[in-house]
Amino acid sequence: MTRTPFERGRIISFIDAVFSIAMTLLVLEVAIPTYEAVAEKGTWGILAGLIPNFIGLLVSFLVTAVYWIAHLRIMSYVVDFDKKLLWLNIFLLLFVVLMPFSTSFYVNGFDLLGPFIFYSFNLAAIGLFNYLIVRYVVKKEIATQGIDPVTGQWESWRAFNSFAVWAIAAILGFFFPWVARFFFITIFIFQAFINAHFQKKMNKTVSS
């Protein structure tokens, strides 16, 4: 019996919709103040009290956006969705839709260790499934399309970078809480080195 391929357009549209809804729901953590609260504390007093909420919104929104862009990029190589790739995407989305909760949990316990570790593990889980998707696509699709192997390695290392940094941040949280809270910045540092390394390899491949 010949298998009917899953419709690629429907799958991509569904994934994009889940990402967009999860990112939109993040703003609900920034509670709208009542008239009485504004009259009592003033505009600047209200906004100052919401600083952790805005930080959580900004970080979560940008990180989720980065994962969406990475997913968009790797999906451009996919010709056919099989069951394994479909389920990898479903588990990725499971942790994406958890982001509004983990962000709220983190913001409401901003000075506590547990919420931060939970938040970091949530992002690490997204990173893990993103990495597994990239590895699977690189092995299954890029090879069959004759894409340069360096491109596949580059994509894999980019995905592994995000997963590893958030996983390390979660673990560091048990021992060095304040270091862990700012460890996510190293994503951009490591990414710069990864990009430079593979850009050199790409240039060597072109010149040869």
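The following legends describe an overview and several close-up views of a predicted model.

**Figure 1. Overall architecture of the protein chain.** The secondary structure of the predicted chain comprises nine helices and zero strands. Read along the sequence, the pattern is therefore written α-α-α-α-α-α-α-α-α, each run being a helix by DSSP assignment. The chain has 208 residues, of which 43% count as buried. Its accessible surface comes to about 12100 Å², and carbon and sulfur atoms account for 73% of that area. Among contacts between residues at least 6 apart in sequence, 79% join residues at least 24 apart.

**Figure 2. The largest nonpolar core and its contributing helices.** This core contains 43 residues, and those touching the most other members are Met75, Leu123, Ile133, Val137 and Trp166. At least two core residues are supplied by each of α1 (8-25), α3, α4 (83-97), α5 (99-108), α6 (113-145) and α7 (149-172). Helix α6 gives the most, with 13 residues. In soluble globular proteins, nonpolar side chains tend to be buried together.

**Figure 3. Surroundings of Ile133.** Ile133 is one of the core residues that touch the most other members. Neighbours within four places in sequence are left aside in this view; beyond them, Ile133 is in contact with His71, Ile74, Met75, Leu85, Leu88, Asn89 and Leu92. Met75, one of these partners, is likewise listed among the core residues touching the most other members.

**Figure 4. Leu93 in helix α4.** Leu93 is located in helix α4. With a relative accessible area of 6%, Leu93 falls under the 20% limit and is therefore classed as buried. Residues up to four places away in sequence are not counted here; outside that range, Leu93 touches Phe14, Ile15, Val18 and Phe19. A further distance in this view relates Leu93 to Asn130: the two residues are 37 residues apart along the chain, and their C-alpha atoms are separated by 9.9 Å.

**Figure 5. Thr64 in helix α3.** Thr64 belongs to helix α3, which spans residues 51-75. Its relative accessible area is 4%, so Thr64 is buried. The side chain of Thr64 reaches the backbone oxygen of Ser60 at a distance of 2.6 Å. When neighbours within four places in sequence are set aside, Thr64 is in contact with Phe19, Met23 and Met99. Phe19 is also touched by Leu93.

**Figure 6. The salt bridge between Glu155 and Arg73.** A search of the whole structure finds one salt bridge. It is formed by the side chains of Glu155 and Arg73, with an N to O distance of 3.0 Å. Because Glu155 lies in helix α7 and Arg73 in helix α3, the pair ties together parts that are 82 residues apart in sequence. Glu155 counts as buried, at 8% relative accessibility, whereas Arg73 counts as partly exposed, at 26%.

**Figure 7. A nonpolar patch on the surface.** Leu113, Phe121, Ile171, Phe174, Phe175, Phe176 and Val179 make a nonpolar surface patch of about 730 Å². Val179, one of these residues, is found in helix α8 (residues 177-182). At 48% relative accessibility, Val179 counts as partly exposed, because the class of exposed residues begins over 50%.

Conventions: Residues are numbered from 1 along each chain as its sequence is written. This is a predicted model: local features need pLDDT of at least 70, side-chain atom pairs count only at pLDDT 80 or more; totals for chains, interfaces and linings use all residues. Side-chain values use heavy atoms; hydrogens and water are left out. Patches are made of residues with over 30% relative accessible area and no salt bridge: like charges are joined within 9 Å, nonpolar side chains (Val, Leu, Ile, Met, Phe, Trp, Tyr) within 5 Å. Accessible areas come from the Shrake-Rupley method with a 1.4 Å probe; for residues, only the protein chains shown count as cover. A salt bridge is a side-chain nitrogen of Lys or Arg within 4 Å of a carboxyl oxygen of Asp or Glu. Helices (H or I, at least four residues) and strands (E, at least two) are DSSP runs, numbered from the N terminus. Buried means under 20% relative accessible area, exposed over 50%, partly exposed in between (1.4 Å probe, protein chains only). A polar contact is a pair of N or O atoms within 3.5 Å; within protein, one must be able to donate a hydrogen and the other to accept it, and residues adjacent in sequence count only if both atoms are side-chain atoms. Contact means heavy atoms within 4.5 Å. A nonpolar core is a set of buried Ala, Val, Leu, Ile, Met, Phe, Trp, Tyr and Cys residues joined through side-chain atoms within 4.5 Å.
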